[in-house]
Amino acid sequence: MAKEKTKKPSALDFLDIDALLNEEERLIRDTVRSFVRNRILPNIAEWFEEGVLPKALARELGDLGLLGMHLQGYGCPGTSAVAYGLACMELEAGDSGIRSFASVQGSLAMFAIHHWGSDEQRNTWLPRMAAGDAIGCFGLTEPDFGSNPSGMRANARRDGSDWILNGTKMWITNGGIADVAVVWAQTDEGIRGFCVPTNIKGFSTTNIEKKLSLRASVTSELIMHDCRLPAGAVFPEARGLKGPLACLNEARYGIIWGTMGAARACYESALEYSKNREQFGKPIAAFQLTQEKLVNMLLELNKGTLLALHIGRMKDAHTAAPEHVSFGKLNNVREALQIARDARSILGANGVTLEYPVIRHMNNLESVLTYEGTSEVHTLILGEAITGIPAFS
Ligand code: TGC
Ligand code: FAD
């Protein structure tokens with residue numbers, strides 16, 4: 001009979017998910033984890049409070065190979081999807097704003113150029129973006145078209161061989177610090193994508209202030225007024241909404257992992273706090289109601305991380321459909337937010353201050369629930385997948 005090799009489960013990796021990773025994956029995870037511990041965690045509460053994201057971080061993330069990490073060539077490391085996911089998890093354990101920066105740069109702007117761009121666009125932008133020398137943003141959402149981008153009003157018309165671009169994009173991450181904006185617009189051939197250098201005449205941005213979520217992230221409005229672009233600015237092949245939606249799959253995938261990083265940070269903070277905080281003569285961890293909260297967090301954190309790993313392995317095997325990504329995004333953001341809310345309650349009054357990471361993560365996750373397809377949109381994508389009936393309109 002085989003000898004049992006059980007060991008006592010650890011509170012921090014209960015299901016020994018670490019054992020499911022290979023050496024390279026662990027190395028990448030540990031490298032990003034130590035960057036977050038040394039560079040992000042000591043500063044993030046202040047950046048969040050002040051509503052800033054230091055631009056210098058772009059090069060630091062580039063030096064670590066975290067920008068366009070899973071893309072091939074053009075100075076990108078070409079890692080596996082799982083390795084990229086692990087990096088997202090560690091970045092978001094620091095702050096969703098940091099993961100968002102890397103997601104928008106690598107999975108939206110760089111992916112769009114890599115997947116849909118011409119050789120000239122790729123050579124012009126990707127090496128600089130991978131290094132963090134150039135910053136990108138991705139303009140899909142408009143003031144009147146969020147969940148339903150098909151109705152967008154931004155438009156581009158031909159003028160000789162040039163294009164003239166007009167319109168407004170709203171809620172654009174990295175918009176105010178971007179060197180290049182990937183902008184989606186209506187044309188007489190349907191929706192097309194454009195690589196827009198942000199220093200051209202007619203292009204301007206306004207940052208969205210007073211956010212109470214993702215404060216360590218730049219979110220902007222893009223205004224394009226008769227921007228003249230050369231013929232080479234348009235993505236040659238992308239036509240219709242599948243152009244931008246193909247890019248969203250990549251960023252949504254990163255969120256599946258990232259949210260488990262934010263959830264882990266909240267769980268660890270609440271666990272530690274509950275063992276040290278005493279009420280009624282004993283640690284609050286000794287109360288059954290607190291233990292139930294902690295155990296519910298433990299269950300969803302481990303299930304969500306396994307789900308991320310499963311979808312990551314499918315992605316590496318090229319078997320992950322967009323609906324699988326919706327499944328992961330819907331579940332993991334929702335559970336991460338619940339974990340954050342439970343953690344916040346365990347911290348009592350201390351849970352509402354920036355002295356602890358929990359309310360920062362909780363507030364950030366409210367944006368993550370909304371962007372990259374709201375929970376309702378992903379519910380309807382899954383509803384259609386299992387019933388065959390679209391219920392969007
Ligand atoms: P629908 O008719 O379903 O599809 C139009 C065309 O697109 C194709 N398609 C996809 N292709 C690739 N990946 C996907 N996930 C795709 N989903 C659909 C589809 O096959 C079709 O192709 P074709 O060849 O027939 O033309 O389109 P619809 O207008 O009914 O819309 C469907 C819906 C509602 C699911 C879609 O509009 C949607 O996902 N809405 C949500 C919008 C959204 O997620 N916006 C995110 C903006 S970016 C952002 O938030 C960045 S946050 C910062 C950060 O990431 O950190
Ligand atoms: P709406 O679409 O107006 O939705 C409002 C509510 O109605 C939601 O609950 C929604 O689920 C619900 N709803 C809408 N349609 C339906 C339906 N058919 N059935 C049921 N319920 C429905 N966009 C970009 O393009 N690039 C970016 O970089 C970017 N970064 C962002 C950063 C932040 C911090 C935030 C908050 C948003 C960002 N966005 C970005 C925009 C984001 O993608 C949109 O906010 C999102 O797609 C939802 O659009 P909306 O806010 O207009 O909400």
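**View 1. Phe392 and its partners around ligand 2.** In this predicted model, a polar backbone atom of Phe392 lies 2.8 Å from a nitrogen atom of ligand 2. Look next for Thr173, where an N or O atom of the side chain is 2.8 Å from a nitrogen atom of the ligand. Leu140 takes part through its backbone, with a polar atom there 3.0 Å from an oxygen atom of ligand 2. The protein buries 67% of the 980 Å² that ligand 2 exposes when taken alone. In total, 17 residues surround ligand 2, and those that come nearest are Thr141, Ser147, Trp171, Thr374 and Glu376.

**View 2. The surroundings of ligand 1.** Here 25 residues lie around ligand 1, with Ser100, Asn249, Arg252, Glu372 and Gly373 coming nearest. Two of these names are worth finding together: a polar side-chain atom of Glu372 lies 2.8 Å from an oxygen atom of the ligand, and a backbone N or O atom of Gly373 lies 2.8 Å from an oxygen atom of ligand 1. Arg99 joins in through its side chain, where a polar atom is 3.2 Å from an oxygen atom of the ligand. On its own, ligand 1 has 1100 Å² of accessible area, and the protein covers 69% of it.

**View 3. Helix H6 and its kink at Trp125.** Helix H6 spans residues 119-131, 13 residues in all. From first C-alpha to last, H6 reaches 18 Å, close to the 18 Å expected at 1.5 Å a residue. Follow the helix along and you will meet a kink of about 30° at Trp125, shortly before the proline Pro127. Just after the helix comes Gly132, which has a positive phi near 80°.

**View 4. The buried residues of H6.** Which residues of H6 are buried? They are Gln121, Arg122, Trp125, Leu126, Met129 and Ala130. An α-helix has 3.6 residues a turn, so residues three or four places apart point the same way. The cover over the buried residues of H6 includes helices H3 (57-63) and H5 (96-116), together with strands S2 (76-77), S3 (136-139), S6 (180-187) and S7 (190-197).

**View 5. Glu250 in helix H7.** Our last stop is Glu250, found in helix H7 (residues 242-276). Is Glu250 buried or exposed? Glu250 counts as buried because its relative accessibility is 9%, and the cut-off for buried is under 20%. Leaving aside neighbours within four places in sequence, Glu250 is in contact with His70, Tyr84, Ser107, Phe111 and Lys315.

Key
Residues are numbered from 1 along each chain as its sequence is written. Chains are lettered from A and ligands numbered from 1 in the order in which they are written. This is a predicted model: local features need pLDDT of at least 70, side-chain atom pairs count only at pLDDT 80 or more; totals for chains, interfaces and linings use all residues. Side-chain values use heavy atoms; hydrogens and water are left out. Helices (H or I, at least four residues) and strands (E, at least two) are DSSP runs, numbered from the N terminus. The expected span of a helix is 1.5 Å times one less than its number of residues. The bend at a residue is the angle between axes fitted to the seven residues ending there and the seven starting there. Buried means under 20% relative accessible area, exposed over 50%, partly exposed in between (1.4 Å probe, protein chains only). Contact means heavy atoms within 4.5 Å. A residue is near a molecule or strand if one of its heavy atoms lies within 4 Å of it. A polar contact is a pair of N or O atoms within 3.5 Å; within protein, one must be able to donate a hydrogen and the other to accept it, and residues adjacent in sequence count only if both atoms are side-chain atoms. Accessible areas come from the Shrake-Rupley method with a 1.4 Å probe; for residues, only the protein chains shown count as cover.
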